[in-house]
Amino acid sequence: MAERGQLPPAKRLCCRPGYSGTCRQGQRAAWTSCGGSGAAQGESSKTQSPESLLDIAARKVAEKWPFQRVEERFERIPEPVQRRIVYWSFPRSEREICMYSSFNTGGEEIACSGESGDDTRLPFRRGISLLESGCVENVLQVGFHLSGTVREPATASEPELVCNVSVSFDRCKITAVTCICGNKDIFYCAHVVALSLYRVRKPEQVKLRLPISETLFQMNRDQLQKFVQYLITVHHTEVLPTAQKLADEILSQNSEINQVHGAPDPTAGASVDDDNCWHLDEEQVQEQVKLFLSQGGYHGSGKQLNLLFSKVREMLKMRDSNGARMLTLITEQFMGDPRLVLWRQQGTTMTDKYRQLWDELGALWMCIVLNPHCKPEQKALWLRQLCRWSSVDVCPLEDGNHGSELTNLTNALPQGPPGNPDPLTQPHRTVFTRAIEACDLHWQDPHLQHIISKDHYAKYCYHNKKDNPLFDTRGWPLWHEHVPTACARVDALRSHGYPKEALRLAIAIVNTLRRQQQKQLEFFCTHKKELLHKGMTSVTNLEGWVGHPLDPIGTLFSTLMETSQEEVEKAAVVHEHSGSLGPGRATVHPVFPVHHFLEEGESFLSLAIETTLIGLGQQRAMPDGLYAQEKVCRNEEQLLAKLQEVELDDSLVKIFQKTVSPLPAAGPYSGLGELLYRESVPMHTFAKYLFTSLLPHDADLAYKIALRAMRLPVLESAALSGDLSRPHHIVSVVPNRYPRWFTLSHIETQQCELASTMLTAAKGDARKLQTVLESIQKNIHSSSHIFKLAQDAFKIATLMDSLPDITLLKVSLELGLQVMRMTLSTLNWRRREMVRWLVTCATEVGVFALDSIMQSWFTLFTPTEATSVVASTVMSNSTIVRLHLDCHQQENLTNSARTLALQCAMKDPQNCALSALTLCEKDHIAFETAYQIVLDAAATGMNYSQLFTIARFMDHRGYPMRAYKLATLAMTHLNLSYNQDTHPAIIDVLWACELSHSLGKNELAAVIPLVVKSVKCATVLSDILRRCTLTPGIVTLHSRRNSGKLISLDKAPLRQLLDATIGAYINTTHSRLTHISPRHYSEFIEFLSKARETFLIAQDGHIQFSQFIDNLKQIYKGKKKLMMLVRERFG
């Protein structure tokens, strides 16, 4: 707590008209210890004597009346009475002190617990430690003022600290605190806690004096002068300037101080006009909230803000007016957060955690304005505040960044769908809109008052009137109101410390939900044929309960579960005590009065579970906006997490069966019913929980629910109206609009997990596996999720500790085949993985599965996948060994793979021909067929690179003539220009020439014209020429030749190659000289040197080269520097 250096000045002036100074002369300032007379605070536990009438009256006055009113009411108050009033005015409970000094609740529990850890650093725990260590001294109570010193022992890093502490109080509330420790925090410091608890726990050890004004009244003039002079002497450095100033003002006749009757007394208690509330340092609350917000969710600031919200709820539960006061301070800081303006300007969204804090802010204001005992003027003040905040441009909207078009729903009854208001004329609903609307609500309805105030409110005379809106057929009360608003009333009652009233209203709401559900089911059953035929449906709730800002289902669940837990604790206590009564004594179970409204065999636990199941099963439209959709998912998971904490017994299983069984046959109110909106929130997560819970007890119902929940109509086309053949009729409210489902990926994942759960459970049951498979194939539209299911099924079917489940393996294969078909014509980065997995799965299923996928390969694979993965894997040794095939089966499977390869080669020879040749190599006829496919495709679809690759393969396999044939075909597709001396095909051209040279003169003579036609690069031609004439080693590269005789350059075919090479050098020279720069001169000279080497190969080459150089000098004589370099090198 940020304690100030001194207490605020007293607000009321104290004087005693009618009492003269003389009458008090000689009277001694009476004082006594707190336990001096009457019953002390802790005395009742030590003695059986009854309290005195004085103490009883003084305690009641001290709790309710400000002391000024007591003084005004009675002309003279006896001093013993004053002492008892002052004594009883100090707080007697540690709970409030704990609330204002820690985030924890329940001071008694904390005080008694021996826990260590973070709690030890809380001011309340530290204060207890200081108190128990004897560090509180010099405690004195003067009127309504308590003071003392608290000594904090020295530590290794800090010296001993002695703090002067002061506490003012009024009507059992601490109204002001002061400590010199300088600690700045929202909560009271440990020293204030220690002093306060000292007064609570040891009242008999505290010296008590009446207010200081009473003591001064007893003094005469000399005593007063002596008193003042001694006071100034003791504290002259602090008070002397103030004392002189006051003296001057008093001696001045016209001073302001002399115009006022009486003088202030800080120990005299509160005035009539003072607010009676606990001390709360508003400045520190604002500073702390601003600090937490500035940290942007880091350093645990989000957790700290949530703890502050919890503190507000704790104050509300204690009916402390500071709850609303503190929330106002928090809200002002939230509204002043500079990030709101920044996000609005940038068009960005706030973080999810920050958004949840705003939601809690709105929910807390809803609780505050629904306080059943709130004064009208206070509610009017809050309404003005809320409207002011809501009107600010940057105020967050209720559903995130999307404005809702909903009308006022807080006071609406579920009578039908809303109209279609113009969204441009509808104001946006902010996080405060519901609280603003709730300001119009009241608690004066007689029926509502009877519900919350009476344990046995019922009208059994109505048991035969089914249409009575106030009571059900059993005569139990109902409460018809917009469900979230009705539940907000429950939350408000709980929050303000009215648990019994909250429970009574919660039960009435649950009974109303039951009745509405039954009536809707009856209506649908009566008009089912008509509704299905026309494709009609109706909105049974304007808003979904799960994911709603007010969390109605969570509120009902928490209310009922708290009562259930209290019952269990009470029963445990009774059972523990009954054990000491001796054998044969019956155990008495406590019965809460509201048990009157529970059916036989029901409990609050079963009612909580039934309510949650009803809420989760409600059909609700997916809201707009990312945040609203994420909140739906998050709230559903939170409710399911609460349900999973409950251990199901036979009675709860019956509740499950009773509540869940009607859902699949229900109408549009049920998310598992036959009529389903296209944009309804899917039931996958809910159904998965139901499936796992019901499976051990009612497998048929579990599968029925799960299979119905597999639907995801938002990804399906609109159903045809009147299609009675479809068991899961889908109604498209907006058939031509594809909604923006930001959480679709998460939803599809949940759908996949539901399907996987069913597959796992159905292992060994062929009929159920087939049903689940059909549901998956119909309802799941994501190839990646189907592939995951296929993999899951495969893993389950091939567990190491059991034999493979062939039925489940076939399901896995079917799913894999569906994935292949779905991704065949689309890009998928996991496609190759999928193909390999499918072949593995088919191998596990058996040879017939492999043969089947090869027979229908064109519907499953691309030609490349079929040859490079499928056929190759099938023909591998590992596959043959895994299948345990005999020779005949092996031959049949191999033939199928070769046939597949040939078909793929015909369909896509560019990518599959080489694989086909490889796979068919051991079968002469198949190999010849594949080779012929290559030859046929060479003239049309295949490029030189593919042909060269296959040619090299042929040469490597020992088919040189076929390699030569393919190489010549490749040459016809090649074209190298004069400057492509680094082209990758050069290596293939050199290899083709070497191959031709090795085969003989005729082959070389046939390939050289192709080379001359295709290659215009002089350096490449020169390299080929040199290899054919000057390198005998080229002949030895192929052992097929019998002669090492070199071919003459004067005869064909090398003469043609030589001429082409010289011509290429001449053409290249002229081309380079057209755009040559001085920096390339040296490189050009080196190029001419290489050209000269080629020229000199010819018999008259030196003459040709000289003529060539002379021609260059004449044509390019303008390039003087270059020609000079040419003369220097070549003459």
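**Exercise 1.** Which residues is L759 in contact with, leaving aside its neighbours within four places in sequence?

*Solution.* The model is predicted: local features need pLDDT of at least 70, side-chain atom pairs count only at pLDDT 80 or more, and totals for chains, interfaces and linings use all residues. Residues are numbered from 1 along each chain as its sequence is written, and side-chain values use heavy atoms, with hydrogens and water left out.

Step 1. Contact means heavy atoms within 4.5 Å.

Step 2. With those neighbours set aside, L759 is in contact with L769, V772, I776, L789, A793, L808, V811 and L815.

Step 3. L759 also belongs to the largest nonpolar core, which has 289 residues. Such a core is a set of buried Ala, Val, Leu, Ile, Met, Phe, Trp, Tyr and Cys residues joined through side-chain atoms within 4.5 Å. Buried means under 20% relative accessible area, exposed over 50%, and partly exposed in between (1.4 Å probe, protein chains only). I330, F334, W358, F432, L759 and F861 touch the most other members.

**Exercise 2.** Describe the aromatic pair of W358 and F432 and place both residues in the structure.

*Solution.* Step 1. Rings of Phe, Tyr and Trp (its six-membered ring) pair if their centres lie within 6.5 Å; planes under 30 degrees apart count as stacked, over 60 as edge-to-face and the rest as tilted.

Step 2. W358 and F432 are edge-to-face, 6.3 Å centre to centre, with 75° between the planes.

Step 3. W358 lies in helix α15 (residues 352–369), and F432 in the loop between α16 (376–390) and α17 (433–438), so the pair ties together parts that are 74 residues apart in sequence. Helices (H or I, at least four residues) are DSSP runs, numbered from the N terminus.

Step 4. W358 is buried, with a relative accessible area of 0%, and F432 is buried with a relative accessible area of 0%.

Step 5. Ring pairs link both into a cluster whose members include F309, F334 and W343.

**Exercise 3.** Which helices hold E753 and K688, and are these residues buried or partly exposed?

*Solution.* Step 1. The two side chains meet in a salt bridge (3.3 Å, N to O), defined as a side-chain nitrogen of Lys or Arg within 4 Å of a carboxyl oxygen of Asp or Glu.

Step 2. E753 lies in helix α27 (residues 744–761) and K688 in helix α25 (residues 684–694), so the bridge joins parts 65 residues apart in sequence.

Step 3. E753 is partly exposed at 29%, and K688 is partly exposed at 26% relative accessibility.

Note on methods: Helix = DSSP H or I, 4+ residues; strand = E, 2+ residues; numbered from the N terminus.
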